[in-house]
Amino acid sequence: MGHLVDAVWGVSPPPTARAQIQICVSIVRASMAKVGLPDVIQTRSPGYLAEVGDDELDLHVFERAASAGRTAAEAGRFDEAASAFETALGLWRGSSCFGGGTPSMALQAPAARLDEQRLAVVEQWADARLALGLHQQLVARLIDLVMQNPLRERLRAQLMVALSRSGRQAEALEVYRRGRRELIDELGIEPGEELRRLQESILSGRLDCPPVSAPPAVQAVPAMPTTPAASPEPAPAPAAPAPAAPPAAATGVEPPAVPRLLPGAIADFAGRDDLLARLEAMLEDATETSYALRIVSITGKGGVGKTTLAVHLGHSLAKRFPDGQMFVKLRGPSAQPILPTRILERFLRSLGIPGSAVPSTIEERAELFRNLVADRRMLIVLDDAIDEEQVRWLLPGSSNCPVLITSRSRLAGLEGASSVQIDVFTTEQALQLLSRILGAERIHSELSGALQLIQLCGNLALALRIVAARLAARPHWPLSKMVARLRDERQRLDELTHGGVGVRAGLAMAYQSLPADAQRLFRRLSMLEAAEFSSWVAAPLLDVAVAEAEDTLEFLVDAQLVDVEVVKGHRPRYRLHDLVRVYSQECLAEHESTAERSVVLGRVLSTWLLLVEEAHRRAYGGDHTLIHGEAPRLALDQSVVDRELADPLGWFEDERASLITAVRQAAGAGLDELCWDLALTLVTLFEMYGYFDDWRTTHEIALEVTRHNGNRRGQAAMLYSLGTLHMFEYKLDEARRRLGLGCELFRQVGDVHGTALALRNLAFVDRIQGRLDEAMEGYEQALVMLSEVNDSTAEAHVLSNMAQIHLDRGLIAEGKQTMAAGLAAVERSGNRRVRAQILVRLGEAHLQIDEVTEAEYVFTRALETVRSVGDPVGECYALRGLAIVRSRQGSHSAAYEMLEQAMVIASHAHETLAIGRIQLSLGEVAADKGSYERAKEHITAALDIFDRMQAVRWQKQTLRLMSDVCAASDDAAAAAAYAQASSG
């Protein structure tokens, strides 16, 4: 366990590390079971043991295949060797730390060793392919490998050999030249002897003399084999010189000057080192290969720092482009696009073409521009492009002039372009920028204020620069003063203006360029107080069909006014950047009346209610155990509902935060009927996953608004539900109080269904506290009412609890009969979750009369059901039942392992009663094994839980078990004391 914790978290594991590891192991086991794999992971103190066969661990298979390949290569069987190496490499999917991020120190060394093994085999595979004369087929693959591993001399040597044998000696020598520069720039060293000798062999036309040997560090890699049948390649003829630029006489103008159009270098540039390195590599590659024109676009929202990055990059690469750098802004001050005709005229003039010689048509201007730069090494920077059509006229025709474009739009229609998305700063990058402008001492002395500034600026580069410039001009201001000024959202964009530059201006430019429907959606999105949202919300915001609304939303995404995140396995999630939201609210206040906003919000919340009700039906097998209000439901297209709720529980997880916010917004708008109905419908989902804080928050909000508006039925529903929450938390006295108040209000307003549900839960409180007669009476009253309102799921639940009372009294036959009635009721409702609960109780009945085989069958069916419906609480109870079966069958280790798995699930779900019962069962299993001290530890833990819950029935059962264990361990006095306590 310690090694696993170190591997995942390193030196700073969270307090819950061990519990999280247990949960992860359970998930791995479940995942393996779903695809039919055996469970090879066993719990072994102090951790886990994985038992695998010879062909079950891919690393072993890889090592054996690689060894077979080396043996075949040494014997000259290169075809067999290549096939073995391909089998070995086919097991890999990326690097050893495939999940991304930075691995912990505990993983870095073994991961590096594994990656080194893989690369060694890659090199051995290439050797075998070269020995077979397959050099032409290897070139493309080796180019990729060298680009991924530029400092690995062995791969570079193999690429040189493959190119040279393919008649491409000049390119082979260029590969050497580039590798030499990489080694000098990165490490300050010259290439190794083998690489130098290979270069000399290619220059002299003697490719295979001298041979290139494997690097000493990789002992298993053989020397590069030669192909006996291959004759030495002839030395290439000297390359023809590049054509010179047209002489002045040919054009009638002086030779063009070298244009340097980039804006001034940025002295305080900060925070984009990784992105700079990536862009440099992309642009450098464009200038040093024979590939077609390379276009790189930097996209991102306004103010994120696209232009700053492009200008800084241009200056840092100036020496690599000796023939100049072009730069032009493609958008004017009023956000209107500058015509390509005008930009080409500027480009031609900067290249020395006088105005009188500039052609009149755009086609001729573009042709002349391409001709003038054809043989020059230039960087062309096109800033703030609007669309692809604006850019196409400005592109050169050769690969030696790469183009760097910045744009708020994703220029997906630009052929051959590579796109790099730039996001807002991380907190560390933002601190670096503030420190560069204001000085590290000032930032560190007010670090808390600096962090708040970053948050209020939404980590946006432009906003941070404006704030820093204002603070730099006022060195006597503490950072906290600027924080206070920015906290008022109504004034925030006013504060983020300095020297004629402001965040609002950039956002206004983007907003004004939108069509009317996109402007309206942009304004209304700020009405959603949730941090993120799904695409369907655009429909009620605009009051149009979902497909049309989603197209409009995507228009805002393309304009970089709305962010979108796609996580594998989840629906896309949309959000507004904090400063964009502030501007959206300004537009909303300016263009939409209070009455209009109220109508729009009502439509959105009504759609939420429709989706939550449908999610409940799909997850719970029908619209059972719920009462509803009279708030309107706004319908969506059925196809959209099906799309959103294909996985209702997954949908709930994605939307949980938004749903809580929706309840709060409904209360704020005074929509009490909608508010309590929405809150109550969420309860089943909160209960299933143990989200008790969310349950409490939504219901306290709804209770307040129903009281304020005099909505007695809504108050009753919230009191009943809050009492149920206290019941689940085993705060039984408070549960009884609120359930009683809710029950009385339901009676006063004549709500039979609500009264029955409250009576049912009051009876449960009586049962837990040991008042079995009162509980049975309450269940009988509730059963009559539930039958009257046709809530068969609640009927089944009541019958299940009545059966449990029979079992507690030892009336096994009556218990089974009542459970049969409960199963019949649940079959009418189709609620698989409640069916599983009844099956668990039926299994316990079988165990009480030692029908172990029957119990095993029933618990297995229950476990299959709860796993299929995603019910973690039901899963821990079914596992507990199966564990007791295993213990009765003599498989104590298997029983203990199952109970530990159930404990992890119950702890994750915060299911207190289940935790107590599992501890009690662990004590029973340990006692059966004769581990009395361990049994006492589990029983003590269970007793503590039941004492806190005031669960009298379980207290007595636990005390009896402790008495038995003490007696078995020869502690007669303690046994007698516990026996007396259990009878009290």
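## Close-up views of a predicted model

**View 1. A network of salt bridges.** E613, E614, R617, R618, R633, D642 and D677 are linked to one another through a network of salt bridges. The coordinates here are those of a predicted model. Across the structure, the count of salt bridges comes to 56, and three more pairs get their own views further down.

**View 2. Stepping back to the whole chain.** Before zooming in again, here's the overall picture: the chain has 46 helices and 11 strands. Its C-alpha trace spans about 115 × 80 × 55 Å along the principal axes. How much of the chain counts as buried? Of its 984 residues, 51% do.

**View 3. Helices α29 and α32 side by side.** Helix α29 takes in residues 648–668, and helix α32 takes in residues 692–708. Their axes come within 9 Å and cross at roughly 15°. Angles under 35 degrees count as roughly parallel, so α29 is roughly parallel to α32. As for handedness, the crossing of α29 and α32 is left-handed.

**View 4. R490 meets D488.** These two side chains join in a salt bridge, with 3.2 Å from N to O. Are the partners buried or exposed? R490 counts as exposed because its relative accessibility is 67%, and the cut-off for exposed is over 50%. D488 has a relative accessible area of 28%, so D488 is partly exposed.

**View 5. E532 reaches R575.** Here the side chains of E532 and R575 meet in a salt bridge, at 2.5 Å from N to O. The pair links distant parts of the chain, 43 residues apart. E532 sits in the loop between α23 (516–525) and α24 (538–542), while R575 belongs to strand β11, residues 573–575. E532 counts as partly exposed because its relative accessibility is 23%. R575 is also partly exposed, with a value of 24%.

**View 6. R828 and E795 tie two helices together.** What is the distance between the closest N and O atoms in the salt bridge of R828 with E795? They are 3.7 Å apart. R828 lies in helix α38 (residues 812–829) and E795 in helix α37 (residues 792–808), so this pair ties together parts that are 33 residues apart in sequence. On the R828 side, relative accessibility is 55%, so that residue counts as exposed. E795 is buried, because its relative accessible area is 10% and buried means under 20%.

**View 7. A nonpolar patch on the surface.** Which residues make this nonpolar surface patch of about 250 Å²? They are L151, L187 and I189. Take I189 as a starting point: its place is in the loop between α8 (169–187) and α9 (193–203). At 40% relative accessibility, I189 counts as partly exposed.

**View 8. L456 and G397, separated in space.** L456 lies in helix α18, which covers residues 447–456. With a relative accessibility of 11%, L456 counts as buried. Now look across to G397: L456 and G397 are 59 residues apart in sequence, and 45 Å lies between their C-alpha atoms.

How values were computed
Residues numbered from 1 in each chain as written. Predicted model: local features only at pLDDT ≥ 70, side-chain atom pairs only at ≥ 80, totals over all residues. Heavy atoms only, no water. Patch = residues over 30% accessible without salt bridge, like charges linked within 9 Å, V, L, I, M, F, W, Y side chains within 5 Å. Areas by Shrake-Rupley, 256 points an atom, 1.4 Å probe, with all protein chains shown as cover. Salt bridge = Lys/Arg side-chain N within 4 Å of Asp/Glu carboxyl O. Helix = DSSP H or I, 4+ residues; strand = E, 2+ residues; numbered from the N terminus. Buried < 20%, exposed > 50% of the residue type's maximum accessible area, 1.4 Å probe, protein only. Axes fitted to C-alpha atoms, helices over the stretch in contact; angles between N-to-C directions. Parallel < 35°, antiparallel > 145°, perpendicular 65-115°, else oblique. Left-handed = near helix turned anticlockwise from the far one by under 90°.
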